[in-house]
Amino acid sequence: MAKTKDWNVAAERLPELLRRMPKAELHIHIEGSLEPELIFAMAARNRVAIPYSSVEELRSAYAFSNLQSFLDIYYAGASVLQTEADFRDMAWAYLERAAADNVVHAEIFFDPQTHTVRGVDMGIVINGLHRACTEARDALGVDASLILCFLRHLSEQEAFETLEAAMPYLGKFIGVGLDSSELGHPPEKFAKVFARCRELGLHLVAHAGEEGPPAYVWAALDVLKVERIDHGVQSTKDTALMKRLAQDRIPLTVCPLSNLKLCVFPQLAQHNLRELLDAGLVATVNSDDPAYFGGYMNENFLQTFAATGLGAQHAWQLARNSFDASFIDAAQKRRYADLLDATFAAFE
Ligand code: HPA
Ligand code: ZN
């Protein structure tokens with residue numbers, strides 16, 4: 001999308017602009033928004049044992065060396081979720097924080113298999129999350145929808161069983177994604193179940209190129225036929241792939257603090273977000289698992305801009321990309337784009 005104009009904002013006003021600009025979040029795992037305080041409260045009310053004696057002890061365990069070291073703790077944290085109220089309260093807490101960060105639209109991932117394997121019914125998961133999304137529209141001014149993710153370390157057969165269990169709730173989620181351990185679980189493993197979801201008219205996204213090679217991004221595009229790539233930061237290793245992503249305007253939902261905490265980049269200053277934007281890709285900024293990675297949306301923007309020296313024009317592009325990359329209709333995209341321009345105009 002062509003930029004409307006060059007925005008001229010004084011450097012000292014950039015942090016406030018980053019906070020205030022309207023934005024969409026397209027890569028947030030709702031189970032990754034579960035703060036230690038909420039984990040302890042739910043463990044107590046549901047009488048679930050957790051192997052940590054305090055909130056502080058749990059938080060101090062959040063030192064990760066790669067994706068798998070995080071996933072082990074993330075799945076343990078999610079084990080406290082039992083009732084529809086738990087799922088509603090978790091999503092509500094996220095949506096309140098999103099509203100405070102001027103997130104006006106969110107497309108939220110959830111991992112039903114993490115819960116159904118523990119005997120929690122699919123209806124409890126989806127109805128609880130969906131209730132929070134519905135309430136947020138009026139109470140918080142955040143428009144939110146759900147994307148069901150299949151766990152890629154499990155089989156395609158299990159993904160099909162999950163889809164079957166979710167069929168009664170088709171009106172309550174807008175698409176499917178693919179997450180969990182990437183290496184050794186290429187997109188091709190889920191070709192048939194994604195083809196079925198496509199027939200059902202669901203939107204398709206997949207994590208690819210977080211730790212995995214560019215070949216996984218190609219397969220997500222060409223085999224799964226996804227509309228967006230989650231992460232995708234390894235794409236810069238493949239020039240032909242970069243051309244394809246730019247030409248087809250395939251959005252990447254980039255998560256800088258996640259990449260830092262999972263050691264995808266040694267330091268935020270070395271993150272390749274600027275390279276992705278300079279190549280004309282529809283890159284966006286997102287929080288991934290904010291309770292575990294040290295920050296929600298605005299913290300991702302503030303820390304990344306401070307570390308990499310990105311400026312107001314990049315901020316505008318990233319926010320605009322977030323709306324362009326979302327699954328909302330063209331009229332609503334236009335309204336958000338106008339709101340974004342008005343916010344920037346007020347800062348000049
Ligand atoms: N990658 C893969 N799976 C995940 C992630 C992630 O960053 N967060 C939650 N599940
Ligand atoms: Zn993710």
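Tutor: Before we start, contact here means heavy atoms within 4.5 Å. Keep in mind that this is a predicted model.

Student: Thanks! Which residues does Asn46 touch, not counting residues up to four places away in sequence?

Tutor: Begin with its place: Asn46 belongs to helix H2, which covers residues 36-46. Leaving out residues up to four places away in sequence, the contacts of Asn46 are Val80, Gln82, Thr83 and Asp86.

Student: At what distance does the side chain of Asn46 reach the backbone oxygen of Val80?

Tutor: Along the chain, Asn46 and Val80 are 34 residues apart, and their C-alpha atoms are separated by 7.1 Å. A polar contact calls for N or O atoms within 3.5 Å. From the side chain of Asn46 to the backbone oxygen of Val80, the distance is 2.9 Å.

Student: Now to the ligand. Which helix gives the most to the shell around ligand 1?

Tutor: The residues around ligand 1 include Leu67, Phe70, Leu71 and Tyr74. By class, that shell has 4 nonpolar, 4 polar and 4 charged residues. The top contributor, with 4 residues, spans residues 67-78 and is helix H4.

Student: And which residue has a side-chain N or O atom 2.7 Å from a nitrogen atom of ligand 1?

Tutor: Let's go through the polar partners. A backbone N or O atom of Ser180 lies 2.8 Å from a ligand 1 nitrogen, while the side chain of Asp288 has an N or O atom 2.7 Å from a ligand 1 oxygen. The side chain that pairs with a nitrogen atom of ligand 1 at 2.7 Å is that of Asp289.

Student: How much of the area that ligand 1 exposes when taken alone does the protein bury?

Tutor: Ligand 1 sits in the largest cavity. Taken alone, ligand 1 exposes 260 Å², and the share buried by the protein is 100%.

Definitions and conventions: Residues numbered from 1 in each chain as written. Chains lettered and ligands numbered in written order. Predicted model: local features only at pLDDT ≥ 70, side-chain atom pairs only at ≥ 80, totals over all residues. Heavy atoms only, no water. Helix = DSSP H or I, 4+ residues; strand = E, 2+ residues; numbered from the N terminus. Polar contact = N/O pair within 3.5 Å; in protein donor to acceptor, adjacent residues only side chain to side chain. Near = heavy atom within 4 Å. Areas by Shrake-Rupley, 256 points an atom, 1.4 Å probe, with all protein chains shown as cover. 1 Å grid on protein atoms, 1.4 Å probe; cavity = no way out; pocket = protein on both sides within 12 Å on 5 of 7 lines; lining within 4 Å. Sits in = over half its atoms within 2 Å of the grid points. Nonpolar A, V, L, I, M, F, W, Y, C, P; charged D, E, K, R; others polar.
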